[in-house]
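The following exercises concern aromatic pairs and pockets. Each task is followed by a solution in steps.

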Amino acid sequence: DLALCTTKRALELLRAMHNSGIENLQVAFTQTLSVSCTNEETIDALIDYTGARTIAFAVETGHPETQKRIKKHCDLDKAQRLIRYAQSRGLIVTINILLGFPEETREQMLYSISYVKEHLRPNWTQFYIATPIIGTEMYDQFIQAGCITNSPEVWNNTLIDYRYFDTLWITAGELNELRYRANLECNFADNHDLGCGDYNKALVLFRGVTRLYPFHIFAWDGIRRAEKLSGNEKEA
């Protein structure tokens, strides 16, 4: 799922797409890009050769100690630089943040969420809960901690997008609530685009939410705020 794994590979692939002869070509990379494997040249090529409008980075956590523990080693300063650059080129930037790794405390998760809001400031953040998948080191860590058992019940929960078991560090209910509030705070209440005056991007993202979830009151309020700040009182 990492198509653009080196700058050389990325440029070769993107140029080939551009030279394919397909009219009005527009490519969307639905998987996240690695911060380690991406630079400004890659971002320029994405825009120039494929007409990309969005970009997504797999940051995973905003806490340096957790970065080391999960062996991600994502350079958070570089992530911030790439996010700013992509936004300056007009792209909508999404990042992925996971919560609930083994040994990750509530305080570390709150730090990670604050780091997203105060430093990374993407246009949107996808918050996920770390899920133990059989065959991974995380799976073994949760078993050794006594949080889960090696059983078909656990195997069948691989694709569940919420925490279904308590750990030594946080209960399932607390983690699910933390993730829920992080989404509302980062994407809606403290929305980056509303804060920096890019109201058109805010409208695109909020309207995308209401198409999927017509009852989402925070998204409708985001649209109202964006219209009001744009001076469109009637639409607000």
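A residue counts as buried under 20% relative accessible area, as exposed over 50%, and as partly exposed in between (1.4 Å probe, protein chains only). The model is predicted: local features need pLDDT of at least 70, side-chain atom pairs count only at pLDDT 80 or more, and totals for chains, interfaces and linings use all residues. Residues are numbered from 1 along each chain as its sequence is written, and side-chain values use heavy atoms, with hydrogens and water left out.

**Exercise 1.** Determine how Tyr-213 and Phe-215 are arranged as an aromatic pair, and classify the exposure of Tyr-213 and of Phe-215.

Solution.
- Step 1. Rings of Phe, Tyr and Trp (its six-membered ring) pair if their centres lie within 6.5 Å; planes under 30 degrees apart are stacked, over 60 edge-to-face, and the rest tilted.
- Step 2. The rule yields eight aromatic pairs.
- Step 3. In the pair of Tyr-213 and Phe-215, the centres are 6.0 Å apart and the planes meet at 70°, hence edge-to-face.
- Step 4. Tyr-213 has a relative accessible area of 41% and is therefore partly exposed, whereas Phe-215 is exposed at 64% relative accessibility.

**Exercise 2.** Locate Phe-188 and Phe-218 in the chain, and name the aromatic cluster that contains them.

Solution.
- Step 1. Helices (H or I, at least four residues) and strands (E, at least two) are DSSP runs, numbered from the N terminus.
- Step 2. Phe-188 lies in helix α8 (residues 172-189) and Phe-218 in helix α11 (residues 217-229), 30 residues apart, so that their pair links distant parts of the chain.
- Step 3. Phe-188 is buried, at 3% relative accessible area, while Phe-218 is partly exposed, at 38%.
- Step 4. Both belong to one aromatic cluster with Trp-124 and Phe-206.

**Exercise 3.** Describe the largest pocket by its volume and its lining.

Solution.
- Step 1. On a 1 Å grid over the protein atoms alone, a pocket is an open set of points where a 1.4 Å probe fits, with protein on both sides within 12 Å along at least five of seven lines; lining residues have an atom within 4 Å of a point.
- Step 2. The volume, the space filled by probe spheres set on the points, is about 930 Å³.
- Step 3. The lining has 34 residues, and Trp-124, Thr-125, Gln-126, Val-209 and Leu-212 are the closest to the centre.
- Step 4. Helix α8 supplies the largest share of this lining, six residues.
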